[in-house]
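Okay, thanks everyone for coming. I'd like to walk you through one protein today, so have a look at the screen.

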Amino acid sequence: MITFRRFGIEPGCIVPEKDQYRLVVSPLCPWCRRVAITRRLTGLEGAIALSESTGVDQDGFVFTADSLSFDPTLRVRSVRELYRRQPEWKIGEPTAVPLIVDKAHRIVAAESGHLMMDFITQWSSLHTRSTNLYPQGERERLDAIDRRIDTLIAATVSAAYSANPSCDSDRQAALCDGLDWADAQLSLHSYIAGKELRESDIRLFANLTSLVAHNPDMTGVEQARPSFDALSVTGGDKQEPACCASSQVLQTAGENLAKDSCQMRTASATMSTTRTEGGQVNVESLEKAGLTPFDNNDCECLMPWPNLRKWWIDLAKDPLWLSETEICALG
C-alpha cells in the first residue's frame with residue numbers, strides 16, 4: 001500500500017518546494033476540482049505543475065488532452081496505469097485522484113482535504129495571489145462550517161448517485177436540509193462563512209458544480225418547510241426563510257445523476273454559440289450574454305435556492321473558480 005504524506009516542515013512531512021511536484025486531477029471529479037481551485041486561488045500554478053485526466057473509459061480516468069492518448073510528462077495513458085507503476089501499490093487497492101507525484105513520478109500524497117489545506121497553509125510562502133482562505137483566528141469556526149458542508153456533500157452524493165433514490169426519503173431530506181442551510185447562510189452574507197471568501201466556499205462550490213453541470217429537472221418545487229436556523233455556526237441573530245424542493249424534485253435529480261456520474265448533458269444550442277470553432281469555451285461571449293458556463297436553463301436546478309444560485313453563478317464566471325478545461329469536460 002502506498003503511504004501518503006502531508007506537506008509541512010514537521011518530521012515525516014514533505015517540504016513544499018517549487019517545481020518539485022505535480023498535481024494530477026480529473027476535471028470530472030468534484031474532489032479534484034476543489035484542490036485545483038485552491039491551487040489557482042492561491043497562485044500556485046507556477047510552483048506546482050498540473051496534469052489533467054479529461055476522459056473516462058474502462059480503465060478509469062484517462063489522459064486525452066492535446067490529441068494525445070497519454071500524458072506527455074507522466075508517460076501514462078490512465079491514472080490507474082500511474083498507480084500500477086508504483087512498487088507499493090497492490091492489485092485491488094484504490095486508484096484515487098487527486099494525487100501528487102514527485103519528480104520521479106512517485107505518488108506521495110492523495111487526499112483532497114489534506115491537499116486543499118496544505119496548499120493554503122504549508123505552501124503560503126509560494127503564494128502569488130493575496131488570499132486569506134483560512135485565517136488563524138477563524139479556524140475553529142471554519143472547521144464547524146466545513147463539517148456542515150461535508151454533511152451536505154455526503155447527502156448530495158448519496159441522493160444523486162443512489163441506484164434507486166426513491167427508496168430512501170431520508171437521503172432526499174438530508175440533501176434538502178443541506179441546501180436549505182446553505183441558501184440561508186448566503187441570505188445573510190456574500191460568502192458561506194461570512195463577508196469574506198474562505199476555504200469553505202471552495203468545498204461547497206466544487207461539489208455543487210457537478211449538480212449544476214448535470215442540469216437535473218428541478219420542477220415541482222414547493223415552499224412548505226419552516227425557516228432554517230442559518231446561524232447555528234455563524235453566531236448571528238438574523239433568520240431568513242428558506243425554500244425547499246419536494247422529495248419528487250430530488251428523486252428526479254437523483255435518477256438523472258445516477259444514470260452515469262461521468263456523462264454530462266449535451267450543451268444546448270444557446271450554449272453552443274459561446275464556443276469557438278475549435279470547441280473551446282468563449283468566456284467573453286458568456287459574460288456578454290450574461291450566461292453561466294452550463295447555461296442550458298439558466299442554472300435552473302438551483303432555482304429553489306435563489307441565494308445559493310446567485311452565489312454559484314457569480315463565482316462560476318471567474319476562471320479561477322471554473323477553468324476552461326473544466327467547463328469543456330463538464331459541458
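I'll go from the overall picture to the core, then the aromatic rings, the cysteines and one glycine.

First, keep in mind that this is a predicted model. The protein has 331 residues, and 49% of them are buried. For secondary structure, we get eleven helices and six strands. If you take the contacts with a separation of 6 or more, 68% of them are between residues 24 or more positions apart. The accessible surface is about 15,000 Å², and carbon and sulfur atoms hold 48% of that.

Now the inside. In soluble globular proteins, nonpolar side chains tend to be buried together. Here the largest nonpolar core takes in 70 residues, and those with the most contacts inside it include L99, I100, F205, L302 and W312. Let's look at L302: leaving out residues up to four places away in sequence, L302 touches L208, L211, V212, L308, R309 and W312.

On to the rings. Across the whole structure there are seven aromatic pairs. Take F7 and Y21: the ring centres are 5.3 Å apart and the planes sit at 80°, so this pair is edge-to-face. F7 lies in the segment before β1, while Y21 is in strand β1 itself, 14 residues away. Both of these residues, F7 and Y21, are buried. The other pair I'd point you to is F205 with W312, which is stacked, at 5.8 Å centre to centre with 15° between the planes. That one links helix α6, where F205 sits, to helix α10, home of W312, and the two residues are 107 apart in the chain. F205 and W312 are both buried too. Going back to F7 and Y21, they belong to one aromatic cluster along with F119 and W123.

Next, cysteines. How many disulfides does the structure hold? Zero. For C29, the closest cysteine sulfur is in C32, and at 3.7 Å that is too far for a bond; the cut-off is 2.5 Å. Is C29 buried or exposed? C29 counts as buried, because its relative accessibility is 10%. C328, on the other hand, has 28% relative accessibility, so C328 counts as partly exposed.

Last stop, G113. You'll find G113 in helix α3, which spans residues 112–121. With a relative accessible area of 11%, G113 is buried. G113 and R34 are 79 residues apart in sequence, yet their C-alphas are 8.6 Å apart in space.

That's my tour, so over to you.

Terms used
Residues are numbered from 1 along each chain as its sequence is written. Side-chain values use heavy atoms; hydrogens and water are left out. A nonpolar core is a set of buried Ala, Val, Leu, Ile, Met, Phe, Trp, Tyr and Cys residues joined through side-chain atoms within 4.5 Å. Buried means under 20% relative accessible area, exposed over 50%, partly exposed in between (1.4 Å probe, protein chains only). Contact means heavy atoms within 4.5 Å. Helices (H or I, at least four residues) and strands (E, at least two) are DSSP runs, numbered from the N terminus. Accessible areas come from the Shrake-Rupley method with a 1.4 Å probe; for residues, only the protein chains shown count as cover. Rings of Phe, Tyr and Trp (its six-membered ring) pair if their centres lie within 6.5 Å; planes under 30 degrees apart count as stacked, over 60 as edge-to-face and the rest as tilted.
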